[in-house]
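Student: I am new to this structure and would like a close look at a single part of it. Could you walk me through one strand and what surrounds it?

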Amino acid sequence: MTVPDAESRFHVLAVDDSLVDRKLIEMLLKTSSYQVTTVDSGSKALELLGLRDASSPSPSSPDHQEIDVNLIITDYCMPGMTGYDLLKRVKGSSSLKDIPVVIMSSENVPARISRCLQDGAEEFFLKPVKLADMKKLKSHLLKRKQPKEAQAQQGQAVELEPEQQLDPRTQPAHDAEETAAEPPPAASNGTADGGNKRKAAAMEEEGMLAVMTVAAPESSTKPRLATTSSSLAVET
């Protein structure tokens, strides 16, 4: 994407009661590849921005349509509402306060310039405005664009987080199913050990009985042999 293509996305609202100055600023902005909307008063600028001038007795026109602008450049000396008054209204609005505002004037009055800059103006240009002045607008437009992109990225990150989390209501049931499906290893080993011990004890008891059974005839036979031998000896 070329630089003019990137800048053409920015929309500038130019406010000046002088037709000659308004045409000049429009030409300079379009030469710098900005989209431009021009109005001849501060009250009309407020209507386009969605704010109505309280001092204006006439209602908004039926074909009125709010626009989204990235920067406002306005003349200081205008009948009815001055550029300074427009600056104060924009900076006092919660929805418009982040829009950069640039003031223009043919009068080089230091106190006026200082007051505008202190109350939120980004730049103060002396008329006639030059093409070099338009290049200064880019830094203010990009500065406002970066926080919006950061907020959008944060919003996307917040939307992704719930998808990555497991439902806490299903997690305990899932764990319970796994626990029920797998028998506890400790209980299984204890049962096997008990069975082995009972088998060993039974085998020992059977062995002792076998020994006693075998040993009993031998003990009864030996006395008989002894008795027989003694009786034979006596008879001899």
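Tutor: Happily; what follows is a tour of strand S3 and its surroundings. Keep in mind that this is a predicted model.

Let's begin with the strand itself. S3 spans residues 71-75, and five of its five residues are buried, so the strand is largely enclosed by the rest of the structure. Leu 71, Ile 73 and Asp 75 point one way from S3, while Ile 72 and Thr 74 point the other way. That fits a general pattern: in a regular strand, side chains alternate between the two faces of the sheet.

Now look at the strands beside it. Strand S1 (residues 11-15) runs parallel to S3, and four bridges join them. Here you can find Leu 13 opposite Ile 72. S3 also pairs with S4 in the parallel sense, again over four bridges, and in this pairing Thr 74 stands opposite Ile 103. To get from S3 to S4, the chain passes through helix H4, making a right-handed β-α-β crossover.

Next, pick out Ile 72. Leaving aside neighbours within four places in sequence, Ile 72 is in contact with several residues, including Leu 13, Val 15, Leu 86 and Val 90. Ile 72 also belongs to the largest nonpolar core, which has 24 residues, and is among those with the most contacts inside it, together with Leu 13, Val 15, Leu 86, Ile 103 and Cys 116. S1, helix H3 (42-49), H4, S4 and H5 each give two or more residues to this core. In soluble globular proteins, nonpolar side chains tend to be buried together. There is also a second, separate core of 17 residues, which includes Ala 14, Val 36, Leu 137 and Leu 141.

At the other end of S3, Asp 75 leads us to S4. Asp 75 is one of the residues in contact with Ser 105, which lies in S4 (residues 101-105). Ser 105 is buried, with a relative accessible area of 1%. Arg 112 is another of the contacts of Ser 105, and that brings us to helix H5.

In H5 (residues 110-118), Arg 112, Ile 113 and Cys 116 are buried. These three cover an arc of only 100° around the axis, which puts them on the same side of H5. Pro 110, Ala 111 and Gln 118, on the other side, are exposed. The buried residues of H5 pack against H4 (83-91), S4 and strand S5 (123-126). Just after the helix, Gly 120 takes a positive phi of about 120°.

Note on methods. Residues are numbered from 1 along each chain as its sequence is written. This is a predicted model: local features need pLDDT of at least 70, side-chain atom pairs count only at pLDDT 80 or more; totals for chains, interfaces and linings use all residues. Side-chain values use heavy atoms; hydrogens and water are left out. Buried means under 20% relative accessible area, exposed over 50%, partly exposed in between (1.4 Å probe, protein chains only). Contact means heavy atoms within 4.5 Å. The arc is that of the directions from the helix axis to the C-beta atoms. Two strands pair if DSSP finds at least two bridges between them. A crossover is right-handed if, with the strands pointing away from the viewer, the path from the first strand over the helix to the second runs clockwise. A nonpolar core is a set of buried Ala, Val, Leu, Ile, Met, Phe, Trp, Tyr and Cys residues joined through side-chain atoms within 4.5 Å.
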